Structures are given as structure tokens and as C-alpha cells.
Amino acid sequence: SELLLESAGRRNDAREAEILATIREDLDRLNTLASGLLDASRKSDARITVERRAILLDRVVRDACRPLAIQAREKNINFQIRSEERPIPIWGDAVKLPWVITNLVGNALRYTPPGGSIAVEITREGKIALTTVSDTGPGIAPDLMPRIFEPFAQFPEEAAHVGSAGLGLYIAKEIVEAHGGGIFARSGPGNGTRFTVDIPMAEGAIG
């Protein structure tokens, strides 16, 4: 990615440089996250830890979705991000929390067919910040829903919407719960899927 960025700079290609910059940012986040997960895996009773500081949830979500919006355009998927006009401050991990959004939207992109739609909404309910990711994909069978957050859960091929490796949603759940929040799913065959992440807002900065 560094070599490609240098090449794009020499050609003065602003569009290419923007795309490559988002790739580099994602690689940096993934490298940091992977290092933390490897450290945790060495301890049998380890839980994912987060380093929380004051961040704006709406900005974090939009930044995480930038490269995914490009993929949506290429797949001819209508991709929308909606948020309130007021900033939504939380105490959050600026590396691990974007990974949760990337995982949820990435799954939606993987299984939403061309011509479909994906919506990301950032709102607040009282002292809770909510992020929802909904799609018009094939949905998840009711009998599989109770297990989608389990580690290494195996599902039949036709239920691939829940992820093939069985770790993505489990890690997302661990990260969200380490923030003092929760993650919930609603789905059904042919009705798409909707994930909701709730995280407490930053105390003293609630408007």
C-alpha cells in the first residue's frame, strides 16, 4: 500500500490516492487489532480489552464506512449512512470499535445482491448511542439466530450470511461488551438482516 501510494502521488491521481489512503488506514487498524487478539489468545481466560477515550461515534462510523461505500458502488448496491446533526460522543476504542462496524457492513455487502440496499444509522436514545446496520440480503434462518455470536459456530453453506469462519460476530460481540454495550440481531429468510449496537454515551457530554 505504501508503494502504491507513492506511485499515485507521482501521477497526481487524487482519486486513486484517496482509495489507497483508506486501504492503508484499514491495514493499520487491522494490524493493531490482530496484535491485541493474538495477545489475548495466549491466555485461556483472556477477554478482549479496549482503550477508551472520548470519540465521536458518528465520525468513527463514517470513517470506517468509507472504503465499504466504494465496494457498494462497484456492486451496484445502494449504500446510505444516516446520523443526527448533533455529534454523538462516546468513550470508545478508536481501533477496535471501527472493526465492529467494518465487520457488520462487510457481511452485509458480501450477501446483499446487486440492486439491493444497505443502511447504516447512528442515533441516540437517552444516554445510549445506537448504530444499526440493515440490509436487503437473504436473511438468517430462525433456528440459527441463537448461535450466530458463538465462537467457531459452523453453519450450512446456504446460511453463509452469518460468516464462514465463525469468529467475526463473536469478536464483534466481545468488543461491544467491553465497551459496556450490547449487540443484537433481527432477521428472517428473505427479510434481510438488521444488527443493532448500543454503547453508553460519554458522561458529561450528553446534549
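Tutor: Let's start with a yardstick: a residue is buried under 20% relative accessible area, exposed over 50%, and partly exposed in between. Keep in mind that the model we're looking at is predicted.

Student: Okay, so why is arginine 86 called partly exposed?

Tutor: Its relative accessibility is 43%. That value sits between 20% and 50%, so arginine 86 counts as partly exposed. Glutamate 84, at 24%, lands in that in-between range too, so it is also partly exposed.

Student: What makes arginine 86 and glutamate 84 a salt bridge?

Tutor: The cut-off is a Lys or Arg side-chain nitrogen within 4 Å of an Asp or Glu carboxyl oxygen. Here the N to O distance is 3.7 Å, so the pair passes.

Student: And how do you know that glutamate 84 and arginine 124 make a salt bridge?

Tutor: Run the test again: the distance is 3.0 Å, N to O, and the limit is 4 Å, so it counts. This pair links distant parts of the chain, 40 residues apart: glutamate 84 is in the loop between strands E2 and E3, while arginine 124 is in strand E4.

Student: Why is arginine 124 called buried?

Tutor: Its relative accessible area is 12%. Buried means under 20%, so arginine 124 qualifies.

Student: What makes Glu84, Arg86 and Arg124 a network?

Tutor: Look at who shares a partner. Glutamate 84 meets arginine 86 in one salt bridge and arginine 124 in another, and the three are linked in a network. The whole structure holds six salt bridges. One of them joins lysine 96 and aspartate 93 at 3.7 Å, and both of those residues are buried.

Student: What makes phenylalanine 149 and phenylalanine 195 an aromatic pair, and which kind is it?

Tutor: Ring centres have to lie within 6.5 Å, and planes over 60 degrees apart count as edge-to-face. By this rule the count comes to one aromatic pair. Phenylalanine 149 and phenylalanine 195 are 6.3 Å apart, centre to centre, with 80° between the planes, which makes the pair edge-to-face. The two rings come from distant parts of the chain, 46 residues apart: phenylalanine 149 is in the loop between strand E5 and helix H5, phenylalanine 195 in strand E7. Both are buried.

Student: How do you know that helix H3 has about the expected span?

Tutor: H3 covers residues 57–74, which is 18 residues, and reaches 26 Å from its first C-alpha to its last. The expected value is also 26 Å, at 1.5 Å a residue. H3 still has a kink of about 45° at arginine 66, shortly before proline 67. Its buried residues include Leu57, Val61, Leu68 and Ile70.

Student: What's unusual about asparagine 76?

Tutor: First, the background: most residues other than glycine have a negative phi. Asparagine 76 isn't a glycine, yet its phi is positive, about 60°. You'll find it just after H3, in the loop between H3 and E2.

Student: Why is asparagine 76 called exposed?

Tutor: Its relative accessibility is 54%. The line for exposed is over 50%, so asparagine 76 clears it. Glutamate 203 is exposed as well, because its value is 72%. Glutamate 203 lies in the segment after E7, and its C-alpha is 7.9 Å from that of isoleucine 90, although the two are 113 residues apart along the chain.

Student: How do you know that helix H4 is largely enclosed?

Tutor: Count the buried residues: 14 of the 16 in H4 are buried, so the rest of the structure largely encloses it. H4 runs over residues 96–111 and reaches 23 Å, close to the 22 Å expected.

Student: What makes Ile23, Leu27 and Leu30 a surface patch?

Tutor: Patch residues need over 30% relative accessible area, and nonpolar side chains are joined within 5 Å. Leucine 27 shows the first part: at 42% it is over 30%, so it can belong. Together the three make a nonpolar patch of about 240 Å². Leucine 27 has its place in helix H2.

Student: How many helices and strands are there in total?

Tutor: There are five helices and seven strands, and 43% of the protein's 207 residues count as buried.

Note on methods:
Residues are numbered from 1 along each chain as its sequence is written. This is a predicted model: local features need pLDDT of at least 70, side-chain atom pairs count only at pLDDT 80 or more; totals for chains, interfaces and linings use all residues. Side-chain values use heavy atoms; hydrogens and water are left out. Helices (H or I, at least four residues) and strands (E, at least two) are DSSP runs, numbered from the N terminus. The expected span of a helix is 1.5 Å times one less than its number of residues. The bend at a residue is the angle between axes fitted to the seven residues ending there and the seven starting there. Buried means under 20% relative accessible area, exposed over 50%, partly exposed in between (1.4 Å probe, protein chains only). Patches are made of residues with over 30% relative accessible area and no salt bridge: like charges are joined within 9 Å, nonpolar side chains (Val, Leu, Ile, Met, Phe, Trp, Tyr) within 5 Å. Accessible areas come from the Shrake-Rupley method with a 1.4 Å probe; for residues, only the protein chains shown count as cover. Rings of Phe, Tyr and Trp (its six-membered ring) pair if their centres lie within 6.5 Å; planes under 30 degrees apart count as stacked, over 60 as edge-to-face and the rest as tilted.
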